[in-house]
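User: I am new to this structure and would like a close look at one part of it. Please pick a single part and follow it from its start to what lies beyond its end.

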Amino acid sequence: MKKKYMLGKSSVIYQCLVKMEEGTTNLEAEGNDAEEETYLTYTRAWLKLVNRGGLFTVNEQVYTFFQELEVCIYPMLAEKLKMGAGPEKDEMVQKIEANEDILFAWSLITVDLSRDDSHLLLTDIILLWMTIRGYAIASSLVEDYKEA
């Protein structure tokens, strides 16, 4: 995705994508024993254990955005795929873009972008996430069907 925007007209969007990857100090911070274990601290520890240099690390705001995106997209995709119908992407994108939790998480990431650039990037990320997760969910449903 960075390559698409690096070569395109909007260098601001490219810089935003780079910032999403940079600023990983929050994810790489050491957990404190006195600190209450949260899902983010657990994930930081897991990331340190399994990362051999090939994983992309993102800052906490981006991680939270992807969590919110998954919570919103998974039920919609699973329902559509169980009915045997493919998802109507435009309709799903509109529902996702109207979700307040996603918009809040997204606003924390894209404070430096104009409204149009932010909307364009959000739509691209949602479509890519739907494609990636759609294949994974469909594969899971096929496996469940085979076992039944």
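Analyst: Start with exposure: a residue is buried under 20% relative accessible area, exposed over 50%, and partly exposed in between (1.4 Å probe, protein chains only). This is a predicted model, where local features need pLDDT of at least 70 and side-chain atom pairs pLDDT 80 or more, while totals for chains, interfaces and linings use all residues. Residues are numbered from 1 along each chain, and side-chain values use heavy atoms, without hydrogens or water.

First, the setting. The protein chain has 8 helices and 0 strands. Here helices (H or I, at least four residues) and strands (E, at least two) are DSSP runs, numbered from the N terminus. Of the chain's 148 residues, 32% are buried.

The part to follow is α5, residues 60–82. Just ahead of α5 comes a loop, with α4 (39–50) on its other side. L55 sits in that loop. L55 is partly exposed, because its relative accessibility is 39%. L55 also belongs to a nonpolar surface patch with Y39, Y42, W46, L49 and V50. Together these residues offer about 660 Å² of accessible area. Patch members have over 30% relative accessible area and no salt bridge; nonpolar side chains (Val, Leu, Ile, Met, Phe, Trp, Tyr) are joined within 5 Å, like charges within 9 Å.

Now the start of α5. A side-chain oxygen of N59 comes to within 3.3 Å of the backbone nitrogen of Q61.

Next, the length. α5 has 23 residues, so at 1.5 Å a residue it should span 33 Å. The expected span takes 1.5 Å times one less than the number of residues. The end C-alpha atoms of α5 are indeed 33 Å apart.

α5 is not straight throughout. At I73 the helix bends by about 30°. That bend is the angle between axes fitted to the seven residues ending there and the seven starting there. A proline, P75, follows within four residues. I73 is itself buried. So are other residues of α5, among them V62, Y63, F65, L69, C72, M76 and L77. The charged E60 and K80 are on the buried list too.

What does E70 of α5 pair with? The side chain of E70 meets that of R133 in a salt bridge, at 3.0 Å from N to O. The pair ties together parts 63 residues apart in sequence, because R133 lies in α8 (residues 115–147) and E70 in α5. A salt bridge means a side-chain nitrogen of Lys or Arg within 4 Å of a carboxyl oxygen of Asp or Glu. By that rule the count is 2. R133 is partly exposed, because its relative accessibility is 23%.

The partner helix deserves a glance. α8 has 33 residues and reaches 47 Å between its first and last C-alpha, close to the expected 48 Å. Its buried residues include L121, L122, I125, I126, M130 and I137.

Last, the far end. Just after α5, G84 takes a positive phi of about 85°. G84 lies in the loop between α5 and α6. G84 is exposed, because its relative accessibility is 67%. Its C-alpha is 10.0 Å from that of A138, although the two are 54 residues apart along the chain.

Beyond that loop, E91 forms a salt bridge with K95, with closest N and O atoms 3.6 Å apart. Both are in α6 (residues 89–97); being 4 residues apart, they are separated by about one helical turn.

Note on methods: Accessible areas come from the Shrake-Rupley method with a 1.4 Å probe; for residues, only the protein chains shown count as cover. A polar contact is a pair of N or O atoms within 3.5 Å; within protein, one must be able to donate a hydrogen and the other to accept it, and residues adjacent in sequence count only if both atoms are side-chain atoms.
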